[in-house]
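Let's take a walk through this chain together, from its overall layout to its core and its aromatic rings. Have a look at the sequence and the model first.

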Amino acid sequence: LKCIIIMIMKTILIFLLMLNIKLHADDDTYVLEAFLKLTVTGEVVLSDNKNYYRTIKLEGSWKDNLGQIGTTIASGRVQTEAENLSIEVITKSVDENGDKFWAFVKRRIGDLDSGGGGTLEYIDGTGKYKALIGKKCNYATRYIGNRNFHIQKCKFSKELIAKLKQN
C-alpha cells in the first residue's frame with residue numbers, strides 16, 4: 001500500500017511539474033478564438049463563374065487564453081482572380097468590460113472553402129487594448145457552411161500580457 005501511495009504521489013508531482021512548465025512556457029503567447037457567422041452582403045461574378053468579388057459581414061463571439069470574452073463584428077471583401085484569393089476585413093471587438101479593439105485582417109492566397117490563414121494587425125484600441133496598436137499576429141480560419149472558427153496566436157512580451165490581464 002505504501003508503495004502504491006508513493007507511486008501515485010510521484011505521478012501527481014510529475015503531472016503538476018509538466019503543467020507548470022507548460023503554463024510558464026506560454027507566458028508570452030496570446031491566443032484568441034472566435035466563432036463567427038459569415039453573411040455575403042454583395043456579389044459580382046465574372047463570366048467564367050470562377051472569379052468574383054464579394055462584400056461580407058461577420059458577427060460572433062470570442063474568448064482568449066487570459067479569460068476575457070466578447071463580441072465581434074466585421075466587414076470586408078473577398079476577391080478571387082486566377083484562382084488566387086484576397087481577403088481584407090476590418091473587425092471591431094468589444095470585451096465584457098466595454099474595452100474595444102479594432103483589427104485589419106488580410107489573406108492573399110488560399111482556398112476560402114477549406115479555410116486558411118493570414119495576418120492580423122491591431123489598428124486601434126481603448127483601455128488595455130491601446131497597448132496592442134501596431135502588433136501583428138498570425139491567424140487560421142476553418143469554415144463550416146456560413147460559420148467559421150478563427151484562432152490567432154501572438155507572441156507578446158510578458159509585460160504586454162500582464163496589461164491585457166487587467167480588468
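## A word on contacts

Two residues are in contact when heavy atoms of theirs lie within 4.5 Å. Keep in mind, too, that this is a predicted model.

With that in hand, try Phe-156: which residues is Phe-156 in contact with, leaving aside its neighbours within four places in sequence? They are Asp-28, Tyr-30, Tyr-122, Leu-132, Lys-135, Cys-137, Ile-161 and Leu-164.

## The overall layout

The chain has 167 residues, with 2 helices and 8 strands. Read from the N terminus, the order of elements is α-β-β-β-β-β-β-β-β-α, with a helix at either end of the run of strands.

Among contacts with a separation of 6 or more, 47% join residues 24 or more positions apart. Buried residues make up 33% of the chain. The accessible surface is about 10,500 Å², and carbon and sulfur atoms account for 59% of that area.

## The nonpolar core

In soluble globular proteins, nonpolar side chains tend to be buried together. Here, the largest nonpolar core holds 30 residues. Which of them touch the most other members? Those are Tyr-30, Tyr-122, Phe-156 and Leu-164.

Many elements feed this core: strands S1 (29–45), S2 (52–64), S3 (69–81), S4 (84–95), S5, S6 and S7 (136–144), along with helix H2 (158–165), supply at least two residues each. The most come from S1, which gives 5 residues. Returning to Phe-156, its contacts include Tyr-30, Tyr-122 and Leu-164, the three residues listed with Phe-156 as touching the most other core members.

## Aromatic rings

The chain has 5 aromatic pairs. One of them joins Phe-101 and Tyr-122 edge-to-face, with 5.6 Å from centre to centre and 65° between the planes. Phe-101 belongs to strand S5 (residues 100–107) and Tyr-122 to strand S6 (residues 116–125), so this pair ties together parts that are 21 residues apart in sequence.

Are these two partners buried or exposed? Phe-101 is buried, at 4% relative accessible area, and Tyr-122 is buried as well, at 1% relative accessibility. Both rings also belong to an aromatic cluster formed by Trp-62, Phe-101, Tyr-122 and Tyr-129.

## A charge over a ring

One more ring deserves a look, that of Tyr-52. Arg-54 lies over the face of Tyr-52, 3.8 Å from the ring centre.

Definitions and conventions. Residues numbered from 1 in each chain as written. Predicted model: local features only at pLDDT ≥ 70, side-chain atom pairs only at ≥ 80, totals over all residues. Heavy atoms only, no water. Phe/Tyr/Trp six-rings, centres within 6.5 Å; stacked < 30°, edge-to-face > 60°. Helix = DSSP H or I, 4+ residues; strand = E, 2+ residues; numbered from the N terminus. Buried < 20%, exposed > 50% of the residue type's maximum accessible area, 1.4 Å probe, protein only. Lys NZ or Arg CZ within 6 Å of the ring centre and 35° of its normal. Areas by Shrake-Rupley, 256 points an atom, 1.4 Å probe, with all protein chains shown as cover. Core = buried A, V, L, I, M, F, W, Y, C linked by side-chain atoms within 4.5 Å.
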